[in-house]
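This report covers two topics: a nonpolar surface patch and one helix with its surroundings. The sequence and the structure follow.

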Amino acid sequence: MQKEKKSTRSILHTLLSLAVLLAVLAGGVGLLAIKGALNSYIDETPEGLYTLSEDFLRTTESITDEIKITFCADPDALLSNQLTRYVYIMAKEIERRMPNVQVVTCDVENDPTAVQQFRTTSASAIKWNHVIVSTGGERPRYRLYTASRFWNYDQTGKTLYAFDGEYRMATAFLSLTAQNAPVAYFTVGHGEKVYDPDSPESADSLSAAAFYELLQDAGLQVSSLNLDTDPIPADCALLILNGPTTDYPTEEYLHLEKTGPIEKIDRYLDGVGSLMVFKDPAVSLPVLEEYLTEWGIAYGSGEYIRAGAQDGESFPASYPTEKDMSYALFSDVLSLSTPPRVSFRNTGTLASAWEDGTRYLSTGASVFTSPLFRSPDNSTVRNEAGEVLARGARPVAMITRLTYREDARDYYSYVLAAASTSLIESETLGNTAYANYDILFSLVRTMSARNAYADDALGGLNINTEKYGGKALVSDAIKAEDTTRYDKEQKKDVVVYHGLTEGMKIFYTVLLCLFPLAVAVAGVAVHLRRKNR
């Protein structure tokens, strides 16, 4: 009987132990599921990296549009990476606090078509660490960021000093849902080619239709503007002069007490503005051309490019070289083994109006000009009579960028000039054999980018901490060598962010040891009690 009792007790103990282990396991899984569903993270970072600030909620409280935040990897991968982890948890917290925000994940490495509509060009690739903020239906407006864009680094580019996530996210929300969305304005009144929705079958509308749709695809509204009579609106993100046939007068020419078109353009570009000029080589516009030389771009007078067997035959232009400032604009395309070509025809020539392509202004701003596209090496430059003036490649499109710094941020103004209107004509933009659409789309996105939306309190436009914007990390107490380590696989230093203070490390050590210690003490007590019975 004694043996039977011991045997029965042993079985009961075993079953009880198994039941306790299963209960603990089920409880842990259940708590983990509840935690994930409710996004119930406990913010133990001194900077409050996991907690939305009242400034963010106040800045975005008026937004009612449906917004989707798409992460391009599964949650486990996002949470295991030090950069994406904070962005993902912040997004989940925004989703919890804002019913109009939805957070979704997809695995672009296994299903790249899941984010096909957000690719900026057919050559670009969306990677696992990209974050896409979008709104809208069939033609969504969106902003595409890498996870690193939500952080600020020091000058070495290795050490994190602030989490700028709230500003980046608020800026994306406000810019995507703004009622006064950025607008691309076509100038009128000087013979320009403009798409007219009321007359879609006209020659000018057919020529400009594809570019009109491209601008809309890039998230811009499109309108027209007469510089002779109207000011340039504050919502103008891109000003387009498409094939003008008559010149733009100045104040001196007008002899009137009003601002002339050139002065309006100049004042617009002195702020954060961008200008695109597409001019037929057969048209002479002395005033506009003289003004563009102030931006480092000089049109060739009476010069025509011939790169084929006949005058006016289309030719594939070559991209900039690594020494050109504009090379970075086409990094996605130029990384391909066989980059697609951009088509030009009926093209004149351009040249830099400055010797080295660079000027530094007294205000601390700098201006760089660079060839955007060149004619083939076997092309010839001819005059109107067909006589050969020169041989070899010549710039057929150029771009100038003005950079100035204010409140610890860089701001840009761009001027793009092409010696032909063919670059944006429907005939070439609609031809998939060329990369005109992809290239123009990328350029429009770059030149029309405006991020002056988020509130100053979020640290984006204003320095709201002693040195930096955003949520400054408490890394001042950590030595520089403690924030990086050498990764043997990548063969370079990588950032290691130590997010817990010493006090929290001690707390977690005690917490992790507490349960095993309690079990051990209970086990010893039961063993001694049974032994002494």
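Helices α1 (2–38) and α13 (502–531) each supply at least two residues of a nonpolar patch. This is a predicted model. The patch lies on the surface and is formed by Leu16, Val20, Val24, Phe515 and Val519, which together have about 490 Å² of accessible area. The greatest contribution comes from α1, with three residues. Leucine 16 sits in helix α1. Its relative accessibility is 53%, so leucine 16 counts as exposed, the cut-off for exposed being over 50%.

The second topic is helix α6. It runs over residues 203–217, and at 1.5 Å a residue its 15 residues should span 21 Å; the end C-alpha atoms are 22 Å apart, so the two values agree. The helix nevertheless has a kink of about 45°, centred on alanine 209. After α6 comes glycine 219, with a positive phi near 90°.

Which residues of α6 are buried? They are Ser205, Ser207, Ala208, Ala209, Ala210, Phe211, Tyr212, Leu214 and Leu215. Alanine 209, the centre of the kink, is thus listed among the buried residues. The cover over the buried residues of α6 includes the strands and helices in the table.

| Element covering α6 | Residues |
|---|---|
| β7 | 183–187 |
| β8 | 221–225 |
| β9 | 236–242 |
| β10 | 274–278 |
| α11 | 426–429 |
| α12 | 436–447 |

Technical notes. Residues are numbered from 1 along each chain as its sequence is written. This is a predicted model: local features need pLDDT of at least 70, side-chain atom pairs count only at pLDDT 80 or more; totals for chains, interfaces and linings use all residues. Side-chain values use heavy atoms; hydrogens and water are left out. Helices (H or I, at least four residues) and strands (E, at least two) are DSSP runs, numbered from the N terminus. The expected span of a helix is 1.5 Å times one less than its number of residues. The bend at a residue is the angle between axes fitted to the seven residues ending there and the seven starting there. Buried means under 20% relative accessible area, exposed over 50%, partly exposed in between (1.4 Å probe, protein chains only). Contact means heavy atoms within 4.5 Å. Patches are made of residues with over 30% relative accessible area and no salt bridge: like charges are joined within 9 Å, nonpolar side chains (Val, Leu, Ile, Met, Phe, Trp, Tyr) within 5 Å. Accessible areas come from the Shrake-Rupley method with a 1.4 Å probe; for residues, only the protein chains shown count as cover. A salt bridge is a side-chain nitrogen of Lys or Arg within 4 Å of a carboxyl oxygen of Asp or Glu.
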